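This briefing takes up the interface between two protein chains and then turns to one annotated stretch of sequence. Please look over the sequence and the structure before reading on.

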2 protein chains.
Amino acid sequence: MPQQHRAKLTRRAILAAAAEEFDLIGYGAATLSSILRRSGITKGAFYFHFTAKEAVAEALARQYLVSLAEMRQRWLGRSLDPLSTLVGLSGEAARRLEHDVVLRVGQRLAGQRIGAESDGWYAVLDELVRKSAAAGQLRPGTDPAEAARVLYTALVGAYAVGDEPVGLADRFDEIWRVVLAGVAREDWRANPEPTDRS
Amino acid sequence: MPQQHRAKLTRRAILAAAAEEFDLIGYGAATLSSILRRSGITKGAFYFHFTAKEAVAEALARQYLVSLAEMRQRWLGRSLDPLSTLVGLSGEAARRLEHDVVLRVGQRLAGQRIGAESDGWYAVLDELVRKSAAAGQLRPGTDPAEAARVLYTALVGAYAVGDEPVGLADRFDEIWRVVLAGVAREDWRANPEPTDRS
């Protein structure tokens with residue numbers, strides 16, 4: 001195995017073990033030793049990649065933000081209308097967050113970073129709800145900024161209400177159904193563009 | 001001062017100091033000594049009322065649930081339509097939670113108690129949204145159980161998005177405006193019953 005490839009695998013194994021450890025016992029309680037124990041990686045190999053637990057957390061947060069940016073780019077590239085783009089993007093994110101502990105822990109850490117405004121979702125929601133308004137997809141009288149804030153609040157709540165990530169995608173779906181009933185124009189709701197292909 | 005009255009004041013001072021302490025440094029980090037220091041109450045006086053920090057937490061949670069039950073009773077007694085009752089009740093709760101640390105910490109602890117299903121809000125929302133449906137106040141096609149779940153999720157998120165309770169009542173208001181636009185019938189939205197008196 002070429003050395004570069006092996007280094008990549010080691011780095012990924014550290015990130016996965018750290019994410020599981022942070023998820024199970026919490027970021028504060030996790031230690032370098034507990035992460036090493038879980039990953040089966042030596043201290044020497046760890047220090048080749050990271051300086052400390054904090055650096056792993058930073059890498060998980062950054063990796064999540066890169067994933068979100070990639071998802072956003074991909075959905076924007078599909079030339080759906082803005083509201084369908086938003087529903088499709090958030091649906092894919094929910095399904096991936098539900099099943100991928102590395103992504104999920106990265107999101108949580110991104111939202112908690114000192115100086116970080118948020119986990120990146122609010123900006124995405126705000127951008128696409130405003131575009132939906134500009135495209136005439138929202139019901140008259142809808143305040144796009146307010147709708148984006150309420151959607152963000154509901155999606156944040158969707159993480160908090162369940163102890164487990166199980167069901168996250170279903171909770172996102174419900175939020176969209178209820179909020180869009182008030183926000184989206186009837187003609188869009190009657191004929192949404194298909195977003196099930198991701 | 002009659003002894004019973006003094007005992008009541010002492011108990012209230014312990015609850016207030018504990019709530020502030022839990023709010024500032026977290027339930028886990030707070031200790032009996034830090035609560036005593038904040039309240040200025042002796043260990044002896046404390047043990048007259050409580051056996052341990054856990055018992056104070058339980059009392060705060062119970063006190064919050066009693067307050068919520070009282071608010072619910074009072075709003076139900078005003079004979080407003082169910083949807084106006086719900087909006088008024090949640091508005092009062094948000095304003096009180098925003099300003100009253102004892103109530104706020106009690107709610108948080110009630111939601112975290114082992115064996116407790118929730119902080120009591122979901123049952124209240126579910127009850128009143130179903131009554132609203134039965135009273136014909138919801139738009140055709142609205143699933144009351146789903147609407148109650150999404151409202152609960154959004155209200156839970158409203159706590160999480162701000163680091164501070166400041167603005168909680170405003171966030172609740174926004175949630176109602178956006179969700180009711182999709183859920184409530186137009187004629188109710190055009191002529192809601194006044195709920196500003198509490």
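A polar contact is a pair of N or O atoms within 3.5 Å, where, within protein, one atom must be able to donate a hydrogen and the other to accept it, and where residues adjacent in sequence count only if both atoms are side-chain atoms. By that rule, seven residue pairs, both members at pLDDT 80 or more, are in polar contact across the interface of chain B and chain A, in what is a predicted model.

**What chain B brings to the interface**
- The elements of chain B that each give two or more residues to the side touching chain A are helix 8 (144-161), helix 9 (168-183) and helix 10 (186-190).
- Helix 8 of chain B gives the most to that side, with 12 residues.
- Sorted by class, the side of chain B that touches chain A holds 13 nonpolar, three polar and seven charged residues.

**Extent of the contact**
- Chain A and chain B each enter the contact with 23 residues.
- The two chains bury about 1,800 Å² between them, and 66% of this area lies on carbon and sulfur atoms.

**Salt bridges**
- Between chain B and chain A the count is six salt bridges.
- One salt bridge joins A:Glu146 to B:Arg177, with the closest N and O atoms 2.5 Å apart.

**Annotated region of chain A**
- An unreviewed UniProt entry carries the annotation "domain: HTH tetR-type", which covers residues 8-68 of chain A.
- Over residues 8-68 of chain A, the chain is 80% helix and 0% strand, while the end C-alpha atoms are 21 Å apart.

Methods:
Residues are numbered from 1 along each chain as its sequence is written. Chains are lettered from A and ligands numbered from 1 in the order in which they are written. This is a predicted model: local features need pLDDT of at least 70, side-chain atom pairs count only at pLDDT 80 or more; totals for chains, interfaces and linings use all residues. Side-chain values use heavy atoms; hydrogens and water are left out. Contact means heavy atoms within 4.5 Å. Buried area is the accessible area (1.4 Å probe) that two parts lose on being put together, summed over both. A salt bridge is a side-chain nitrogen of Lys or Arg within 4 Å of a carboxyl oxygen of Asp or Glu. Helices (H or I, at least four residues) and strands (E, at least two) are DSSP runs, numbered from the N terminus. Ala, Val, Leu, Ile, Met, Phe, Trp, Tyr, Cys and Pro count as nonpolar, Asp, Glu, Lys and Arg as charged, and the others, Gly among them, as polar. UniProt positions are given in the numbering used here, feature names are shortened, and annotations may be inferred rather than shown by experiment.
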